[in-house]
Amino acid sequence: MAISNINLPEQVIGFSLNNPAQLAGELAVTVANALRSAIDARGVATLVVSGGRSPVAFFERLASQALDWSKVVVSLADERWVPVSHPDSNEGLVRRHLLQGEAARARFIGLYSAAASLDEAARLADQALAELPLPFDVLVLGMGEDGHTASLFPTSPNLEAALSPECPQRCLAMLAPTVPHQRLSLTLPMLEGARLSLLALQGQGKLATLADALAGEDAAQMPIRAFLRRSLEIYWCP
Ligand SMILES: O=C1O[C@H](COP(=O)(O)O)[C@@H](O)[C@H](O)[C@H]1O
């Protein structure tokens, strides 16, 4: 299957949408269907989402989907180490745009704490994540134009540990090259086993990054590569 002129490996399915509104709507329906199936099968559904600038429309469309939100547990793939009231907080974004209306009945497990250090915040987030049922039912990833996903940044200390399939930590401290630098990220063993993994991408720049990622193997250079080796659905629009 292909997105635009990029050939995808067989484990990766691509959907090309016309615009951001259509992408948000299609992604919201896909996620809601998967959450409903999980609730039917196991009585509870786990959803892990990403932050950044892109997901606002998707969150708002998802919040309006009819499902039993009281049976959904929501968490984050990563967090900027800033208070929830800060404009860069991923938790703040989720609270303002997803956990609204009926969706406010979902249980939310956040990663941020006002700990004494970033490492201590990662340790506390790691403990909080022990309550998240595994494997996740749905994981929604984003990707930066440097090939980072979650807060797994190419040059970050701790990246090698976070990308190790044997990493014992659920969450590690990471450093981004952009402000805010201090991040918390779920590690590969947490993220890779999701029953449904989705990657939402917008714009030609990210399509070019995807092509670069598919052309090489080294996940330390482009962490998104660790997810392109597994079953993944990519939703892209110009
Ligand atoms: O810093 C981050 O970047 C990625 C991509 O964000 P976007 O705004 O360019 O879509 C995001 O997936 C991650 O959660 C976020 O913390």
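Which strands does helix α1 lie across? Before answering, a word on what you're looking at: this is a predicted model. Helix α1, residues 20–42, lies across β3, β4 (45–49), β5 (72–76), β8 (138–141), β11 (196–202) and β12. Against β11, the helix runs at about 170°.

Let's step back and take in the whole chain. Its secondary structure comes to eight helices and twelve strands. The C-alpha atoms fill a box of roughly 45 × 40 × 30 Å along the principal axes. For 238 residues, a compact globule would have a radius of gyration near 18 Å, and the 16 Å of this chain agrees with that. Buried residues make up 44% of the 238. If you look at contacts with a separation of 6 or more, 70% of them come from residues 24 or more positions apart.

Now for the sheet under α1. Seven strands form it, in the order β3-β12-β11-β8-β4-β5-β7, and the sheet is open, with parallel pairing. At the edges stand β3 (12–16) and β7 (107–109); each has a single partner strand, so one side of each is left without a neighbour in the sheet. On average, and ignoring direction, neighbouring strands here are turned by 20° against each other. Strands in a sheet pair through backbone hydrogen bonds, in either a parallel or an antiparallel way. To see one pairing up close, go to the β3 edge: five bridges join β3 to β12 (residues 232–237), and the two run parallel. Within that pair, V12 stands opposite L232 in β12.

There's a second sheet to find. This one is open too, but has three strands in the order β6-β10-β9, with antiparallel pairing. Its edge strands are β6 and β9 (171–175), and each of them pairs on one side only. Neighbouring strands of this sheet are turned by 25° against each other on average, again with direction ignored. Between β9 and β10 (residues 182–186) there are five bridges, and the strands run antiparallel. Here C171 stands opposite L186 in β10. A helix comes with this part of the fold as well: α4, residues 118–129, lies across β9 and β10, at about 145° to β9.

Helix α3 (residues 90–97) is a good place to look at burial. Its buried residues are N90, E91, G92, L93 and V94. What covers them includes β4, α2, β5, β6 (78–80) and β7. In that list, β4, β5 and β7 belong to the seven-stranded sheet, while β6 is an edge strand of the three-stranded one.

That leaves the ligand. Which residues come nearest to it? Of the 13 around it, they are S50, G52, R53, S54 and G142. The shell as a whole divides into three nonpolar, eight polar and two charged residues.

S54 is worth following a little further. You'll find S54 in the loop between β4 and α2 (56–63). Is S54 buried or partly exposed? It counts as partly exposed, because 19 other C-beta atoms lie within 10 Å, and burial would take 20 or more. Leaving aside neighbours within four places in sequence, S54 is in contact with G142, A200 and Q202. G142 is itself one of the residues that come nearest to the ligand. Finally, the C-alpha atoms of S54 and P238 are separated by 13 Å, although the two residues are 184 apart along the chain.

Conventions
Residues numbered from 1 in each chain as written. Predicted model: local features only at pLDDT ≥ 70, side-chain atom pairs only at ≥ 80, totals over all residues. Pairing = 2+ DSSP bridges. Helix = DSSP H or I, 4+ residues; strand = E, 2+ residues; numbered from the N terminus. Axes fitted to C-alpha atoms, helices over the stretch in contact; angles between N-to-C directions. Contact = placed C-beta atoms within 7 Å. Near = placed C-beta within 6 Å. Nonpolar A, V, L, I, M, F, W, Y, C, P; charged D, E, K, R; others polar. Buried ≥ 20, exposed ≤ 12 C-beta atoms within 10 Å, placed from the backbone. Rg over C-alpha atoms; globule rule 2.2 N^0.38 Å.
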